[in-house]
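Here is a short tour of how this chain packs together. Have the model open beside you and follow along.

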Amino acid sequence: MFGLFGPRPAQQMERFRGRYTGRSLIVHQGFTGDWLEELLKQPGGGGHFRIDSRPLPRRRPSPVEWLVQTHILPLELPQPLFLDVREDAILVRHLQRGEHAVHPSEIAWFLEELDTRHHARLVFTEDGGLDAHPGLPVDDNEALSMLEQLGL
């Protein structure tokens with residue numbers, strides 16, 4: 001379908017990587033209460049790209065929409081999701097604890113431990129795809145670095 005009606009997957013991946021490598025994204029299904037307002041108050045909180053996954057899939061998705069619908073949503077992780085796009089991989093950590101999104105201030109703590117505590121690592125392949133490697137169990141979403149700092 002992509003080849004006939006739009007860019008092929010390898011092209012979509014190339015475009016996505018060209019735009020988002022070295023950046024972070026928050027994939028969400030809308031924000032409740034003042035969550036977005038609180039995020040924007042955090043140091044660097046306005047620097048995260050945000051993409052609403054509710055209107056997906058689209059017939060002619062942008063590269064980021066394509067990546068989310070093709071590779072992120074199939075992971076079936078709770079949303080919102082934090083994606084750290086690196087040269088070799090995308091690290092994914094969900095931002096939900098219990099039935100609610102964590103406070104946006106916890107994202108800074110998650111970033112400290114993201115290398116070792118992520119829910120998925122999506123490794124870029126030579127053919128323009130991604131290999132998914134599971135990480136933390138879905139129900140494990142404590143910010144251990146925060147707990148250690150607080151002496152808990």
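## The main core

This is a predicted model, and a good place to begin is its largest nonpolar core, which has 21 residues. Within that core, F16, L25, L67, I72, L83, I90 and V92 touch the most other members. Helix α4 gives the most to this core, with five residues. At least two residues each come from α2, β1 (24-28), α4, β3 (81-85), β4 (89-94) and β7 (120-124).

In soluble globular proteins, nonpolar side chains tend to be buried together.

## A look around F16

F16 is worth a stop of its own. Setting aside neighbours within four places in sequence, F16 is in contact with T21, L25, P63, V64, L67, V85 and I90.

## A second core

There is also a separate core, made up of 11 residues. Among its members are L39, L95, V102 and F110.

## Where α2 meets α4

Now turn to the two helices. The axes of α2 (residues 9-20) and α4 (residues 63-72) come within 8 Å of each other and cross at roughly 115°. Because angles of 65 to 115 degrees count as roughly perpendicular, that makes α2 roughly perpendicular to α4. The crossing of α2 past α4 is left-handed.

On the α2 side, the contact is formed by P9, Q12, M13, R15, F16 and Y20; these meet P63, V64, W66, L67 and H71 of α4. By type, the residues of this contact divide into eight nonpolar, two polar and one charged.

Definitions and conventions: Residues are numbered from 1 along each chain as its sequence is written. This is a predicted model: local features need pLDDT of at least 70, side-chain atom pairs count only at pLDDT 80 or more; totals for chains, interfaces and linings use all residues. Side-chain values use heavy atoms; hydrogens and water are left out. Axes are lines fitted to C-alpha atoms, for helices over the stretch in contact, and angles run from 0 to 180 degrees between N-to-C directions. Helices (H or I, at least four residues) and strands (E, at least two) are DSSP runs, numbered from the N terminus. Angles under 35 degrees count as roughly parallel, over 145 as roughly antiparallel, 65 to 115 as roughly perpendicular and the rest as oblique. A crossing is left-handed if the near helix is turned anticlockwise from the far one by less than a right angle, and right-handed if clockwise. Contact means heavy atoms within 4.5 Å. Ala, Val, Leu, Ile, Met, Phe, Trp, Tyr, Cys and Pro count as nonpolar, Asp, Glu, Lys and Arg as charged, and the others, Gly among them, as polar. A nonpolar core is a set of buried Ala, Val, Leu, Ile, Met, Phe, Trp, Tyr and Cys residues joined through side-chain atoms within 4.5 Å. Buried means under 20% relative accessible area, exposed over 50%, partly exposed in between (1.4 Å probe, protein chains only).
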